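Trainee: Before I rely on the descriptive words used for a structure, could we go through them and ask what justifies each one?

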Amino acid sequence: MGSQTSAKDLSEVQQDPMKKGAISEGDSAVDVSRKLSETIAGLRRTSDQISKTKSNVQSAITASQSLENKWQKFQADFDKILNNAIGQIAKGMGVGVPDAAAADEGEGMTTEKKFEVLGNDCSMKSLARRLRGEKYKNVVILMGAGCSVSTGIPDFRTKGTGLYSQVEKYNLPYAEAIFDLHYFNEVDKTPFHKIAKEMYPDPEKFKPTLTHKFIKLLQDKGMLLRCYTQNIDGLERLAGVHEDKLVEAHGSFLGDGLCGLCKAPCDKDKLRDVLLNGEKNGYSGLKCEECDKGFCKPPIVFFGENLPARFGQNYKADMQGCDLCIVMGTSLKVAPFSNLVNLVPDDVPRMLVNRELVGDFWDEEQEKEKGKGGGVNYRDVVELGDCDDTIEAFCKLLGYHDEIGVGVGSGKSGGSGKQKARGKSMKAKVSGLLNRKASGRRVSLNI
Ligand SMILES: [Zn+2]
C-alpha cells in the first residue's frame with residue numbers, strides 16, 4: 001500500500017505531458033514501475049526541451065550582445081572615418097594637423113601620479129614654486145591676440161573693438177575677406193593695404209608687452225622649448241624671442257614677402273615701404289616682378305593659404321615633449337592652433353591666462369553641475385584676467401620682478417595702485433564665465 005501512496009503522490013507532481021502514464025489505484029507493482037519509467041522518460045524529454053529552449057535563449061542573448069558590439073564598433077569606425085575625412089579636407093586646405101578630439105584627461109593615471117603633477121594644488125603660487133625650483137625646462141607657450149591688446153593693436157574677434165568689427169567701413173562682403181587670398185588677388189587688394197598700414201609692427205608705435213618680455217625671460221633662463229603665436233604683429237621678435245624658438249602659426253608682417261599669385265619672393269624692405277606709404281601711393285601695392293600680374297603681400301597666412309611649414313614640422317614633438325604648457329590671450333577657437341593644447345601629455349601641467357575660460361581647461365562650474373561624477377583638477381592652473389596683470393603677479397611670485405622691470409609693490413598681488421585693474425579682471429572673470437556658458441566650444445577649419 002505504501003508504494004501505491006507514493007505512486008499517487010508522484011502522479012500529482014506529474015504535468016500534462018505525462019498524463020498518459022498516470023498511475024491508478026488498481027495498478028500492479030509492475031505497472032507502477034513501467035509507468036514511473038515512462039514518467040521519468042517524459043520528465044527527461046521535458047528537461048531536454050527546457051535545456052534546448054534555454055540554449056536558444058542564450059544564443060539569442062549572445063547574438064543581441066554581438067549585435068550591440070557590432071553597432072558600437074560601427075559607430076566607432078564611423079567616427080574614425082568621419083574624423084579622417086575632416087582631417088583630409090583640412091589637409092587639402094593646408095590646415096590639416098592636430099585632431100580636435102581630446103582623450104579623456106588623466107584616464108589611467110593613478111592618484112599618486114596625479115598628485116605628482118602639482119601636489120593637488122592648482123594655484124598660480126604652487127606652479128610658481130615649481131617653476132622657481134627649475135622643475136620645468138621645456139615650456140611651450142601658446143598665445144593669441146589677448147597678449148597684444150595692451151599695446152593698442154586690436155584683436156580680431158572682440159565685438160565692437162575687434163578688427164573684424166572695424167573693417168565694416170571697407171564694405172567687404174564678409175569681414176574675413178580682408179585676409180582672403182582670393183579676394184586680395186582677384187577682387188580688391190585695397191582693404192588689406194589699408195589695414196596693413198594700421199597694423200604694421202612699427203617699433204615706435206607698438207612695444208612688446210610685459211607678457212612678451214616674460215617669454216623672452218623664459219628663453220634667457222633656458223626654459224623655453226617653443227612659443228607658438230597666432231599673432232601677426234611680430235611683437236615676440238621685437239621682444240627678442242629667437243626665430244628658432246618661435247612658430248608664427250599665422251605668419252607675420254616681419255618675414256619675407258611673397259607674391260599672392262605665384263608665391264615668388266618679394267623684397268621685404270620694398271614691400272614695407274609700399275605698405276607704410278599706402279596713402280601716398282593710393283594703395284597701389286607692390287607688383288610682383290616675377291609674374292608681373294600678382295601683388296606682393298607679407299607672409300601673413302591668408303584664408304586659403306597653407307600654414308607655415310615650421311608649424312607642421314614642430315608641433316607634435318613640442319607638444320608631446322613639453323613639461324609645462326602656458327596658454328595666453330587666445331579664444332582657442334581657430335583650428336588647428338586650438339587643438340595643440342589637447343596634445344599636452346596628461347601628466348604635464350597647463351596654465352591658462354585669459355579673460356575667459358576656453359578650450360577644455362578645467363571648468364569648476366561645469367564639474368559642479370556634474371555632481372559626484374565630476375573629476376578632480378590635478379593639472380590646470382586657470383587665471384582669468386588680463387594677460388599683463390596676471391603675468392605681473394606671476395613674475396612676482398617667481399621672483400622675476402627685477403629682471404622684468406616691475407615693482408614688487410605694484411600689480412594685482414601688491415594691492416595698491418592697481419585696484420582698477422583688479423576690478424577689471426574680476427569683471428572679465430564673471431563675463432568670461434557667462435560667455436563660456438553661452439557660447440560653448442566652436443572649432444573651425446579656417447585659419
Ligand atoms: Zn607673382
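**Reasons behind the labels**

Trainee: Why is Cys-288 called buried?

Mentor: This is a predicted model, so every value we discuss is computed from it. Cys-288 has a relative accessible area of 2%, and buried means under 20%, so Cys-288 is buried.

Trainee: What makes Cys-291 partly exposed?

Mentor: The relative accessible area of Cys-291 is 30%, and since the partly exposed class runs between 20% and 50%, Cys-291 is placed there.

Trainee: Which residues are the protein donors of the zinc ion?

Mentor: The SG atoms of Cys-259, Cys-262, Cys-288 and Cys-291 lie 2.3 to 2.4 Å from the zinc ion, and a sulfur atom counts as a donor within 2.8 Å of the metal. In sequence these donor residues follow the spacing C-x2-C-x25-C-x2-C.

Trainee: Why is the arrangement around the zinc ion called tetrahedral?

Mentor: The four donor atoms subtend angles of 106 to 115° at the zinc ion, whereas four donors count as tetrahedral if all angles lie between 85 and 135 degrees, and the arrangement is therefore tetrahedral. For orientation, the ideal angle for four tetrahedral donors is 109.5 degrees.

Trainee: Which strands stand at the edges of the sheet with the order E5-E4-E6?

Mentor: That open sheet has three strands with antiparallel pairing. Strand E5 (265-266) and strand E6 (296-297) each have a single partner strand, so one side of each is left without a neighbour in the sheet.

Trainee: How do you know that E4 and E5 pair?

Mentor: Two strands pair if DSSP finds at least two bridges between them, and two bridges join strand E4 (residues 257-259) to E5, the strands running antiparallel. Gly-257 stands opposite Cys-266 in E5.

Trainee: What is the strand order in the open sheet of six strands, and which strands are its edges?

Mentor: The order is E3-E2-E1-E7-E8-E9, with parallel pairing. Strand E3 (246-248) and strand E9 (380-384) are the edge strands, each pairing on one side only. On average, neighbouring strands of this sheet are turned by 10° against each other, direction ignored.

Trainee: How many bridges support the pairings in that sheet that involve E1, E2 and E3?

Mentor: Three bridges join strand E2 (residues 224-229) to E3, with Thr-229 opposite Glu-248 in E3. Five bridges join E1 to E2, where Leu-142 stands opposite Tyr-228. E1 is also joined to E7 by five bridges, and there Met-143 stands opposite Met-328. At the other end of the order, E8 and E9 pair in the parallel sense over five bridges, with Asp-380 in E9 as the bridge partner of Arg-350.

Trainee: What makes strand E1 largely enclosed by the rest of the structure?

Mentor: Five of the five residues of strand E1 (residues 139-143) are buried, so E1 is largely enclosed. Val-139, Ile-141 and Met-143 point one way from E1, Val-140 and Leu-142 point the other way, and all are buried. As for E9, four of its five residues are buried.

Trainee: Why are H3 and H4 called roughly perpendicular?

Mentor: Helix H3 (residues 111-118) and H4 pack at an angle of about 80°, with their axes 9 Å apart. Angles of 65 to 115 degrees count as roughly perpendicular, and H3 and H4 are therefore given that description. Their contact is made by Glu-116, Val-117 and Leu-118 of H3 and by Ser-126, Leu-127 and Arg-130 of H4.

Trainee: Where does helix H4 lie, and what covers its buried residues?

Mentor: Helix H4 (residues 124-132) lies across strand E7 (324-328), strand E8 (350-354) and E9, running at about 120° to E9. In H4, Met-124, Ser-126, Leu-127, Ala-128 and Leu-131 are buried, and what covers the buried residues includes H3, E7, E8, E9 and helix H13 (387-398).

Trainee: Is Arg-129 buried or partly exposed, and how do you know?

Mentor: Arg-129, which is found in helix H4, has a relative accessible area of 47% and is therefore partly exposed, because exposed would require over 50%. Arg-129 and Leu-398 are 269 residues apart in sequence and 7.1 Å apart in space, C-alpha to C-alpha.

Methods. Residues numbered from 1 in each chain as written. Predicted model: local features only at pLDDT ≥ 70, side-chain atom pairs only at ≥ 80, totals over all residues. Heavy atoms only, no water. Donors = N, O, S within 2.8 Å, 3.2 Å for Na, K, Ca; no water. Tetrahedral: all angles 85-135°; square planar, octahedral: opposite > 155°, others 65-115°. Buried < 20%, exposed > 50% of the residue type's maximum accessible area, 1.4 Å probe, protein only. Axes fitted to C-alpha atoms, helices over the stretch in contact; angles between N-to-C directions. Contact = heavy atoms within 4.5 Å. Parallel < 35°, antiparallel > 145°, perpendicular 65-115°, else oblique.
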